[in-house]
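Let's take a walk through this structure together, one binding site at a time. Have the 3D view open and follow along.

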Amino acid sequence: MSSLRHDWSRSEVLALLDLPFADLLQRAHAVHRAHHDANAVQVSTLLSIKTGGCPEDCAYCPQAARYSTGVEAEKLLPLETVVERATQAKAAGATRFCMGAAWRSPKDRDVPKVAAMIRAVRALGMETCATLGMLTSAQAEALRAAGLDYYNHNLDTAPEFYADVIKTRDFQDRLDTLGHVRKVGLKTCCGGIVGMGESREQRAGLLQTLASLPDHPQSVPINRLVQVEGTPLAGTALLDPFEFVRTIAVARLIMPASMVRLSAGRAEMSDELQALCFFAGANSIFYGEKLLTTGNPDVHADQRLFARLGIHALEIDANVDDASANTVHADIIDHPAGARADPIPA
Ligand code: SAM
Ligand code: DTB
Ligand code: SF4
């Protein structure tokens, strides 16, 4: 859509992050309302289909084999287990099911197995997302042909901070995979992690890079570092919660049509902080007791929070094709504010 900008400069993005808090929130919320139903939140459930033992050295990650975090390496889950977990997630109210694997990149022999999972989850009537590491074009195409809707591949941090956090691949590798994924027509879920000791300017760098991609990612997960004992980033100074809200607000301002996900880190956030994030423009969450290996708020807590805030869950709508449509077509089930507690979208 022509009104979406892809030419934000670093200094413009930094100037937004620097705004007085009330001015920033007011602007972000106005943009949020112009593009989305401000009381609707999309819910995705995550499942780790292949846990631990990863050869990469991402300094934040409990699944890297080289760090002693207590996460044991497991084999790829059987198809039946994945279907069972997706069925439960759907019954609890999730509309998207995201399958994550602790791989640098999938082996070709893994792809048909993951494709079978994607077909089965799709057959349940859920949107599908996968995050499997770096992909070739052929692998991306095989996943798309199986019915994959989204591929998650995060840029994670600013280009100039990347090597401080990850040394086993580089920033360009991430951009290359995102290119392969876009080329075959998959929607992208791409964001990053804040609270890793980066500067505000580096947060601006991450956001600016995301908004400069050829298409704004349809989903933009903003993760707050979950500090896991044994990883190099455990013990990092905690990010000011208002700085986290600012990051969400600027993501909303510069990628107005995208779904901005309040992602990892919610288990350590107060309800009030999450409410501020929703006001600032977050309109998607991970829902279910676990992320991949770490905790997430329990579903009843999220149901209560939604009810207290008058938030309803966004239903899948076949007409919602991508964020570039720049319009909300989604069928929002209308519930009186505060009336619902169970299950989330019902
Ligand atoms: N191995 C694949 C990859 O790295 O792309 C997919 C799985 S990986 C766990 C997916 C994403 O989880 C990472 O890109 C990172 O953004 C996020 N993540 C991992 N550990 C995290 C942590 N401790 N806190 C916040 N986000 C984390
Ligand atoms: C994303 O941006 N965050 C999710 C999902 N995409 C795959 C993963 C968060 C992982 C948090 C650490 C863990 O549970 O292992
Ligand atoms: Fe492996 Fe992904 Fe964790 Fe990095 S973030 S160590 S690639 S599972």
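A good place to begin is ligand 2, where an oxygen atom lies 2.8 Å from an N or O atom in the side chain of Thr294. Keep in mind as you look that this is a predicted model. Asn223 also takes part, with a polar side-chain atom 2.8 Å from an oxygen atom of ligand 2. Leu292 contributes through its backbone instead: an N or O atom there is 3.0 Å from an oxygen of the ligand. On its own, ligand 2 has 410 Å² of accessible area, and the protein covers 89% of it.

Now widen the view around ligand 2. Its surroundings comprise 13 residues, and the closest are Asn154, Asn223, Leu292, Thr293 and Thr294. Sorted by class, this shell holds seven nonpolar and six polar residues, with no charged ones. As for location, ligand 2 sits in the largest cavity.

Asn154 leads us on to ligand 1, since Asn154 is listed among the closest residues there too, together with Tyr60, Asp156, Arg174 and Val226. In total, 17 residues surround ligand 1. The side chain of Asn154 places an N or O atom 2.9 Å from an oxygen atom of this ligand. For the side chain of Asp156, the corresponding distance to an oxygen of ligand 1 is 2.6 Å. Val226 uses its backbone, with an N or O atom 2.9 Å from a nitrogen atom of ligand 1. Taken alone, ligand 1 exposes 550 Å², of which the protein buries 90%. The shell here has 10 nonpolar, four polar and three charged residues, and the space that ligand 1 takes is again the largest cavity.

Tyr60 can be your guide to the last stop, as Tyr60 is also part of the surroundings of ligand 3. Joining Tyr60 there are Cys54, Glu56, Cys58, Cys61, Ala64, Ala102, Trp103 and Arg169. By class, seven of the residues in this shell are nonpolar and two are charged, while none is polar. Ligand 3, too, takes up space that belongs to the largest cavity.

Finally, how confident is the predictor in what you have been looking at? The protein averages a pLDDT of 92, and 91% of the residues score at least 70. Residues 318-346 are the stretch to treat with care: the pLDDT there is below 50, although the model gives this stretch 63 contacts beyond near neighbours in sequence. Where pLDDT is low, predicted coordinates should not be read in detail.

Technical notes: Residues are numbered from 1 along each chain as its sequence is written. Chains are lettered from A and ligands numbered from 1 in the order in which they are written. This is a predicted model: local features need pLDDT of at least 70, side-chain atom pairs count only at pLDDT 80 or more; totals for chains, interfaces and linings use all residues. Side-chain values use heavy atoms; hydrogens and water are left out. A residue is near a molecule or strand if one of its heavy atoms lies within 4 Å of it. On a 1 Å grid over the protein atoms alone, a cavity is a set of points where a 1.4 Å probe fits but cannot get out, and a pocket is an open set with protein on both sides within 12 Å along at least five of seven lines; lining residues have an atom within 4 Å of a point. A molecule sits in a cavity or pocket if more than half of its atoms lie within 2 Å of its grid points. Ala, Val, Leu, Ile, Met, Phe, Trp, Tyr, Cys and Pro count as nonpolar, Asp, Glu, Lys and Arg as charged, and the others, Gly among them, as polar. A polar contact is a pair of N or O atoms within 3.5 Å; within protein, one must be able to donate a hydrogen and the other to accept it, and residues adjacent in sequence count only if both atoms are side-chain atoms. Accessible areas come from the Shrake-Rupley method with a 1.4 Å probe; for residues, only the protein chains shown count as cover. pLDDT is the predictor's confidence in each residue, from 0 to 100. Contact means heavy atoms within 4.5 Å.
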